[in-house]
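Trainee: I have a model open and would like to practise reading it with you. Could we go through it together?

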Amino acid sequence: MRKTKHAARNGIASNSSRNAQRHYERYLALARAEALKGDRIAAENYFQHAEHYLRSMRENGAAPPLGGRS
């Protein structure tokens, strides 16, 4: 816990949140593109990757609200 507080003060935690957000959006876009092409297996793989980054953002308190609207 001490390391986390130190990292947050130095801006490392916010950088991590930005990276998680970037990866989340990237994998979500890839999943949607594969779904549009009809490749359900590849789409599911990308959705699972996106979900991983969504969980990371929630742990850091930087996740978008559920349902996409506030």
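Trainee: Which residues of α3 are buried?

Mentor: Happy to start there, with a reminder that this is a predicted model, where local features need pLDDT of at least 70, side-chain atom pairs count only at pLDDT 80 or more, and totals for chains, interfaces and linings use all residues. Residues are numbered from 1 along each chain as its sequence is written, and side-chain values use heavy atoms, with hydrogens and water left out. Helices are DSSP runs of H or I with at least four residues, numbered from the N terminus, and buried means under 20% relative accessible area, exposed over 50%, partly exposed in between, with a 1.4 Å probe and protein chains only. On that basis, the buried residues of α3 are A42, A43, A50, L54 and M57.

Trainee: How wide an arc do they cover around the axis?

Mentor: The arc is taken from the directions that run from the helix axis to the C-beta atoms. The buried residues sit on the same side of α3, because their arc is only 115°.

Trainee: And which exposed residues are on the face turned away from the buried side of α3?

Mentor: Look at the face of α3 opposite to the one we just discussed, turned away from its buried side. The exposed residues carried there are I41 and E59.

Trainee: How far apart are the end C-alpha atoms of helix α3?

Mentor: The expected span of a helix is 1.5 Å times one less than its number of residues. Helix α3 has 20 residues (40-59), so it should span 28 Å. The model agrees, with its end C-alpha atoms apart by 28 Å.

Trainee: What is the angle between the planes of Y27 and Y53?

Mentor: Rings of Phe, Tyr and Trp (its six-membered ring) pair if their centres lie within 6.5 Å; planes under 30 degrees apart count as stacked, over 60 as edge-to-face and the rest as tilted. By this rule there are two aromatic pairs. Y27 and Y53 form a stacked one, 6.0 Å centre to centre, with an angle between the planes of 5°.

Trainee: Which helices does that pair link?

Mentor: Y27 and Y53 are 26 residues apart, so the pair links distant parts of the chain. Y27 lies in helix α2 (residues 12-37) and Y53 in helix α3.

Trainee: Which residue forms a salt bridge with K37?

Mentor: A salt bridge is a side-chain nitrogen of Lys or Arg within 4 Å of a carboxyl oxygen of Asp or Glu. K37 is exposed at 63% relative accessible area, while its partner is buried at 15%. With the closest N and O atoms 3.3 Å apart, that partner is E34.

How values were computed
Helices (H or I, at least four residues) and strands (E, at least two) are DSSP runs, numbered from the N terminus.
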